[in-house]
Structure formats: C-alpha cells, structure tokens
Amino acid sequence: MTVIGVAGSPVSLPCNITPPGEEDAEDAIALVLWYKDESTTPIYSLDARQGSLDQARHAAKDSLNARAHLRLTSKARTRYMSVFLKVVVPPGKPVITDQNKEVLQSLIGPYNEGEPLVLMCEVIGGQPIPTVTWWRESVLLDDTYDIDPSGVIRNELLISSLQRHDLMAVLSCQASNNNVSVPHVLISHCRYEL
C-alpha cells in the first residue's frame with residue numbers, strides 16, 4: 001500500500017490489526033511497532049504488555065518528536081504490514097515578471113492594443129518537479145516549461161498581439177506537483193490603453 005503525504009501536513013498511515021478469523025475475547029493488543037525502511041529499531045511503539053491499552057506506553061524516536069500518535073480501534077494477533085509513505089514537497093509560490101524582469105503584481109499594464117505581451121512565471125522548489133502552467137480563466141493557455149540548472153522552473157507566456165477582448169483578462173500562473181494539496185496560483189489582470 002502506498003500513501004501520499006504533503007510535507008508540513010498531517011498524514012495517516014493505516015495499520016490493519018484486525019485478525020483474519022473470529023476474534024478471541026482473550027486476545028488483546030500487547031505491542032505495536034512501527035519501523036522505517038530497513039531499520040531494526042522502531043520509530044514508534046505502543047507497549048501494553050504491563051497493563052491495558054488505556055495505560056499503554058507510547059514512545060517515539062527523537063526525529064518524530066511529538067508529531068506522531070497512534071490511534072487504536074481494534075485488537076489482534078501478530079500481523080505484519082508494509083505501508084510506503086511518499087512525501088511530496090509542494091513548490092514555492094509563482095513569481096510573474098515581464099520581459100524586463102520586473103516583478104508584476106495583480107494588475108499589469110497599461111499596454112497598447114496590438115502590442116505583444118510577454119509574461120514569465122518562475123517557480124522554485126517542489127519534489128517531484130511541479131508543472132507550471134498559464135491559464136486564462138479556466139482555459140489552459142500554455143503548459144510548456146523549462147528547468148534551468150539551478151532548479152528554477154519557468155513558463156513564458158507570449159500573446160503576440162493584444163486585442164480588445166484581452167482588456168482586464170484574468171491570467172494566472174499555476175504551479176502543482178500533486179493532487180493532494182491545492183496548487184499555488186498567482187493571478188494578473190491585463191489592462192491596456194488605446
């Protein structure tokens with residue numbers, strides 16, 4: 001089983017502790033151990049060998065600090081289960097610049113009708129590498145992007161000739177590398193002069 005989690009957000013890792021057959025009333029969970037990779041030392045344990053589950057001792061490895069907690073809803077005999085946790089690191093927020101490398105905010109322009117418009121969207125970070133796309137309202141305009149050696153992902157939007165219908169158009173740059181978290185979006189409104 002593979003679980004996808006986003007860095008900085010909570011994630012739940014399932015552990016099926018339900019017995020395959022009928023549950024014996026005498027059975028009770030005595031020990032639950034979580035391991036990471038090939039380590040022989042658990043990263044988290046719940047030890048109820050000296051009493052009931054209500055009095056069980058929880059212990060987490062220092063690297064987990066107080067970030068881990070085990071919730072029990074059942075009891076069972078010994079069972080092993082592997083869960084693969086894939087951690088996604090979201091990309092940074094997009095930065096929109098013009099052809100002069102000036103950082104643009106929400107309202108851009110003015111531009112003259114008939115002029116070209118060149119906008120660059122840059123995003124840093126993210127694992128896996130994010131897609132960087134340009135949108136007009138809900139219509140995809142451009143999904144081609146490049147990655148430079150320093151890891152900056154760029155998508156250049158070119159509108160060859162601004163028209164009247166481009167006035168106050170909502171253009172947005174979106175960076176996304178998963179379908180678990182909300183994509184980072186930066187929106188610009190285009191204005192021009194006649």
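Ser-176, in this predicted model, is in contact with Pro-91, Pro-130, Thr-131 and Pro-183 once its neighbours within four places in sequence are left aside. The residue belongs to strand E13, which covers residues 169–176. Because its relative accessibility is 16%, and the cut-off for a buried residue is under 20%, Ser-176 counts as buried. Its side chain also has a polar partner: a polar atom of that side chain lies 3.2 Å from the backbone oxygen of Asn-178.

Strand E13 leads on to the nonpolar interior. The largest nonpolar core has 17 residues, and those with the most contacts inside it are Leu-117, Leu-119, Trp-134 and Leu-171. At least two residues of this core are supplied by each of strand E7 (107–112), strand E8 (117–124), strand E9 (131–136), E12 and E13, while the largest share, four residues, comes from E8. In soluble globular proteins, nonpolar side chains tend to be buried together.

Leu-119 shows what surrounds one of these core residues. Not counting residues up to four places away in sequence, Leu-119 touches Ile-96, Thr-97, Leu-104, Ile-108, Trp-134, Asn-155, Glu-156, Leu-157 and Leu-171, and two of the residues named here, Trp-134 and Leu-171, are also listed among those with the most contacts inside the core. Apart from this core lies another, of nine residues, which includes Trp-34, Ala-48, Ala-56 and Leu-70.

The pairing of strands gives a second way to read this part of the chain. Four strands form an open sheet in the order E6-E8-E12-E11, and their pairing is antiparallel. At its edges stand strand E6 (95–98) and strand E11 (146–147), each of which pairs on one side only. E11 is joined by two bridges to strand E12, residues 152–159, and these two strands run antiparallel; within the sheet, Asp-146 stands opposite Arg-154 in E12.

The last stop is Gly-5, which has its place in strand E1, residues 2–6. Gly-5 has a relative accessible area of 5%, and is therefore buried, given the cut-off of under 20%. Leaving out residues up to four places away in sequence, Gly-5 touches Val-11, Leu-85, Lys-86, Val-87 and Val-88. Of these partners, Lys-86 lies 81 residues from Gly-5 along the chain, yet the C-alpha atoms of Gly-5 and Lys-86 are separated by 6.2 Å.

How values were computed
Residues numbered from 1 in each chain as written. Predicted model: local features only at pLDDT ≥ 70, side-chain atom pairs only at ≥ 80, totals over all residues. Heavy atoms only, no water. Pairing = 2+ DSSP bridges. Buried < 20%, exposed > 50% of the residue type's maximum accessible area, 1.4 Å probe, protein only. Polar contact = N/O pair within 3.5 Å; in protein donor to acceptor, adjacent residues only side chain to side chain. Contact = heavy atoms within 4.5 Å. Core = buried A, V, L, I, M, F, W, Y, C linked by side-chain atoms within 4.5 Å.
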